[in-house]
Amino acid sequence: MSDKEFKTIDEQLNILKSRGLTIDDEEKASDFLLHNNYYRVSGYSLTLRNHDVFSKTASFQNIIDIYSFDHELRHILLKYLEIIEVQLKSVYAYEFTKVNGSTGYLDVNNFTNADVYQKLVDKAEEQKNKRLPHEVYLKHFIEDLKQPLPLWAYVDLLTIADISFLYSISQSNIQSTVAARLNIPHKIMGKFMHSMTILRNLCAHGSRLYNRLFEQKPKLSKNERSLLRILKNGKIDDAHLYGFILVMKRLLTDKDFSDMKSEIALLTQKYPFVNMKYYGFRSDWSTVL
């Protein structure tokens, strides 16, 4: 099996032009490809072409607009995903320590899966050792007080994925009180946390959200599903980003969600070419959300 041949930036531009893409500013396009990677950029052009033939109106500027919109959207979502993550950690630590004490997380018997528990503890310990020289709160507990971290400090070592796993192996009474505190049904709280983990990881690693079909679809209520976009075949579109936005609505305060929605609306005004249907948004999303 032969390796793919190296292509210079000029050769990459010629390939795009040979496929019908209009490139008005070749210097700008060259710089964009050099700094953003031809293979990565090509994923943002899929809706502008049929296989390798671009539509007659497609331009390189269209690709830049889609790419830039997606980049800025990820950063908007990350800001609000951080709010969700901090809230999940805080509520979990509060409800757990209320029952099991500040260091009850050190007792494996307070959890339902020893293997998962040990992996989480080992990962957190590694993070603690890496961050100890730089974090004042770690030095205070470990070096000054010579005490184990209370859970409300320990959760800072955990990612949103970690707290999701920790929740999943907690006793049912802890799960129930955490879910109730967040006004989420107990049976879907874990699924919501997993959905936020998926979205947070995509955003944090710069992965494309535009026209992405999610294999692991969020768990939505009947009312939430009624807000999804209807496809031409009559089926609902539950595989795009919009479903995750509906989960975020459940986990954010009304004000935070309203602020996030406003920021997304402003972004659509900044990049009017970008069609929100490729994120699964209905045309009336700003009024029904």
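Is Asn-183 buried or exposed? With a relative accessibility of 66%, Asn-183 counts as exposed. The residue is located in the loop that runs between helix 9 and helix 10. Its phi is positive, about 60°, although Asn-183 is not a glycine. The structure described here is a predicted model, and the overall architecture is treated before the individual sites.

The protein chain contains 14 helices and 2 strands. Its C-alpha trace spans about 65 × 45 × 40 Å along the principal axes. Of the 289 residues in the protein chain, 44% are buried. When contacts between residues at least 6 apart in sequence are considered, 67% of them join residues at least 24 apart.

Helix 4 covers residues 60-100 and has 41 residues. From its first C-alpha to its last, helix 4 reaches 58 Å, which is close to the 60 Å expected at 1.5 Å a residue. Gly-101 follows helix 4 and has a positive phi, near 85°.

Positive phi values also occur outside glycine. Most residues other than glycine have a negative phi. His-51, like Asn-183, departs from this pattern: the phi of His-51 is near 60°, and that of Asn-183 is about 60°. His-51 lies in the loop between strand 1 (49-50) and strand 2 (53-54). His-51 counts as exposed because its relative accessibility is 67%, above the 50% cut-off.

Helix 5 (residues 114-131) comprises 18 residues, and the distance from its first C-alpha to its last is 25 Å, close to the 26 Å expected at 1.5 Å a residue. At the start of helix 5, a side-chain oxygen of Asn-113 comes to within 3.1 Å of the backbone nitrogen of Asp-115. The buried residues in helix 5 are Tyr-117, Leu-120, Ala-124, Lys-128 and Arg-131. These residues lie on the same side of helix 5 because they cover an arc of only 75° around the axis. Asp-115, Lys-119 and Lys-130 are exposed on the other side of helix 5. The cover over the buried residues of helix 5 includes helix 6 (136-144), helix 7 (151-154) and helix 8 (160-168).

Helix 5 also borders an enclosed space. A search of the whole structure gives 1 cavity of 30 Å³ or more. The volume of the largest cavity is about 60 Å³. Its lining is formed by Tyr-105, Phe-111, Tyr-117, Leu-120, Val-121, Ala-124, Tyr-154, Leu-158 and Leu-166. Helix 5 gives the most to this lining, with 4 residues. Tyr-117, Leu-120 and Ala-124 thus appear both among the buried residues of helix 5 and in the lining of the largest cavity.

Phe-111, one of the residues that line the largest cavity, is also touched by Ser-170. Ser-170 is located in the loop between helix 8 and helix 9 (172-181). Ser-170 is buried because its relative accessible area is 3%, under the 20% cut-off. Not counting residues up to four places away in sequence, Ser-170 touches Tyr-92, Phe-111, Thr-112 and Gln-175. The side chains of Ser-170 and Tyr-92 are joined by a polar contact of 2.6 Å.

A further buried site involves Thr-197, in helix 10 (residues 186-204). The relative accessibility of Thr-197 is 8%, so this residue counts as buried. With neighbours within four places in sequence left aside, Thr-197 is in contact with Ile-160, Ala-161 and Ser-164.

The open spaces were examined separately from the cavity. The largest pocket holds about 420 Å³ of space. It is lined by 18 residues, of which Lys-7, Gln-12, Ile-15, Tyr-38 and Tyr-39 are the closest to its centre. Helix 1 (9-18) and helix 3 (38-42) each supply at least two residues of the lining. Helix 3 gives the most to the lining of the largest pocket, with 4 residues.

Notes:
Residues numbered from 1 in each chain as written. Predicted model: local features only at pLDDT ≥ 70, side-chain atom pairs only at ≥ 80, totals over all residues. Heavy atoms only, no water. Expected span 1.5 Å × (residues − 1). Buried < 20%, exposed > 50% of the residue type's maximum accessible area, 1.4 Å probe, protein only. Arc of directions from axis to C-beta. Contact = heavy atoms within 4.5 Å. Polar contact = N/O pair within 3.5 Å; in protein donor to acceptor, adjacent residues only side chain to side chain. 1 Å grid on protein atoms, 1.4 Å probe; cavity = no way out; pocket = protein on both sides within 12 Å on 5 of 7 lines; lining within 4 Å. Points joined across faces, edges and corners; volume = space filled by probe spheres on them.
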